[in-house]
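Hi,

Here is the structure I said I would pass on. Have a look at it first, and my notes follow underneath.

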Amino acid sequence: MRILTWNINSVRLRLPLLKKVMRLCDPDIICLQETKTPDEFFPLGDVEEAGYAYTHIHGMKSYNGVAILSRIPFATQEIHHRVGRQDCRHVSVHFMAPKLKKTVQVHCLYIPAGGDEPDPKINDKFDHKLKFVDEMTRWFRKNHRPDQPLIALGDFNIAPLEHDVWSHKQLLGVVSHTPIEVEKLGRLQDSLGWHDAIRHFVPEEQKCYTWWSYRNQDWKKSNRGRRLDHIWVTKPLASRLKGHKILVEARDWKQPSDHVPVMIDLAI
DNA sequence: ATGGTAGGTACCCTA
């Protein structure tokens, strides 16, 4: 089973690229972030026509928005409100994994970016980001167990490892790679003993990025990327990881998202 | 040290 995550940065603008990702990658489940549209404007007809009959979408006007598109039916689907807001950043589904013969959960997450100033006292957006990660940590601990087959993925907006950024030293004070964010993401990872499915395949000493800023005129030449998009699995799924792909070429497409699709294959 | 680009919306917000 192939599961893909992509911060699409407007599903309406990038519908042709979504179809291209579907054709090229052939995923069974697609998780999107920053769909930036209320549910009534989500292009569900096109998605269903492309073979994704089961959808769980949760969007709002202008900002955020998450969606799960699937060829496999959902047993349940949930919307989670975080940090006392209804800002469309977390949805989940349960589905029956045919080989595993167990229910697997997928949690699609869009963690707040956090603004520019890495100080929660003067920057409300950074404060919100830290509170969001803390709340997720408590919530997973309280509501789930490490022996359940779970997948958490999406745009986490944090690049935790030294080689998840182009320059560890130069980004230590930059939101997405500051020590406090990395520490809090580490606690979230400890909450259920999550396995980083991408680093399962890519050695930690190897540079690995999923996002390149629009503000670099030649993203490929400067290659100042960050690994902001993640796929985590709990222990029962870690031994079933079969492969991964980061579709770097998508950053070079016409009118690209600043994030590229990230996917894993699971024997479930 | 600064500002660079993109998307959605409505003349400015977020990333």
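**The pocket**

Helix H3 (residues 124-143) supplies the largest share of the lining of the largest pocket, namely three residues. Keep in mind that this is a predicted model. The pocket has a volume of about 930 Å³, and 30 residues line it. If you want to put a box on its centre, the residues nearest to that point are Ala 113, Gly 115, Asp 116, Asn 157 and Trp 211. As for the chemistry of the wall, the lining breaks down into twelve charged, ten polar and eight nonpolar residues.

**Helix H1**

Next, the helix at residues 15-25, H1. Which of its residues are buried? They are Leu 15, Leu 17, Leu 18, Val 21, Met 22 and Cys 25. These residues sit on the same side of H1, because the arc they cover around the axis is only 160°. On the face turned away from that buried side you will find Pro 16 and Arg 23, both exposed.

So what covers the buried residues of H1? The cover includes four strands, E1 (2-7), E2 (29-33), E4 (66-70) and E14 (262-266), along with helix H2 (44-49). Just after H1 comes Asp 26, which has a positive phi near 55°.

**Other positive phi values**

Most residues other than glycine have a negative phi, so a few backbone spots may be worth a click. Val 83 has a positive phi, near 55°, and belongs to the loop between strand E5 (76-79) and strand E6 (90-97). Ser 176 is another non-glycine residue with a positive phi, here near 115°. You will find Ser 176 in the loop between helix H4 (168-171) and helix H5 (179-191). Is Ser 176 buried or exposed? Its relative accessible area is 4%, so Ser 176 is buried.

**Asn 64**

Last one: Asn 64, in the loop between strand E3 (54-58) and E4. Asn 64 counts as buried because its relative accessibility is 9%, where the cut-off is under 20%. A polar atom of the Asn 64 side chain lies 3.0 Å from the backbone oxygen of Asp 87. Asp 87 is also on the list of residues in contact with Asn 64 once neighbours within four places in sequence are left aside. The others on that list are Glu 34, Thr 35, Lys 36, Cys 88, Arg 89 and Tyr 110.

Cheers

Terms used
Residues are numbered from 1 along each chain as its sequence is written. Chains are lettered from A and ligands numbered from 1 in the order in which they are written. This is a predicted model: local features need pLDDT of at least 70, side-chain atom pairs count only at pLDDT 80 or more; totals for chains, interfaces and linings use all residues. Side-chain values use heavy atoms; hydrogens and water are left out. On a 1 Å grid over the protein atoms alone, a cavity is a set of points where a 1.4 Å probe fits but cannot get out, and a pocket is an open set with protein on both sides within 12 Å along at least five of seven lines; lining residues have an atom within 4 Å of a point. Grid points are joined across faces, edges and corners, and a volume is the space filled by probe spheres set on the points. Helices (H or I, at least four residues) and strands (E, at least two) are DSSP runs, numbered from the N terminus. Ala, Val, Leu, Ile, Met, Phe, Trp, Tyr, Cys and Pro count as nonpolar, Asp, Glu, Lys and Arg as charged, and the others, Gly among them, as polar. Buried means under 20% relative accessible area, exposed over 50%, partly exposed in between (1.4 Å probe, protein chains only). The arc is that of the directions from the helix axis to the C-beta atoms. Contact means heavy atoms within 4.5 Å. A polar contact is a pair of N or O atoms within 3.5 Å; within protein, one must be able to donate a hydrogen and the other to accept it, and residues adjacent in sequence count only if both atoms are side-chain atoms.
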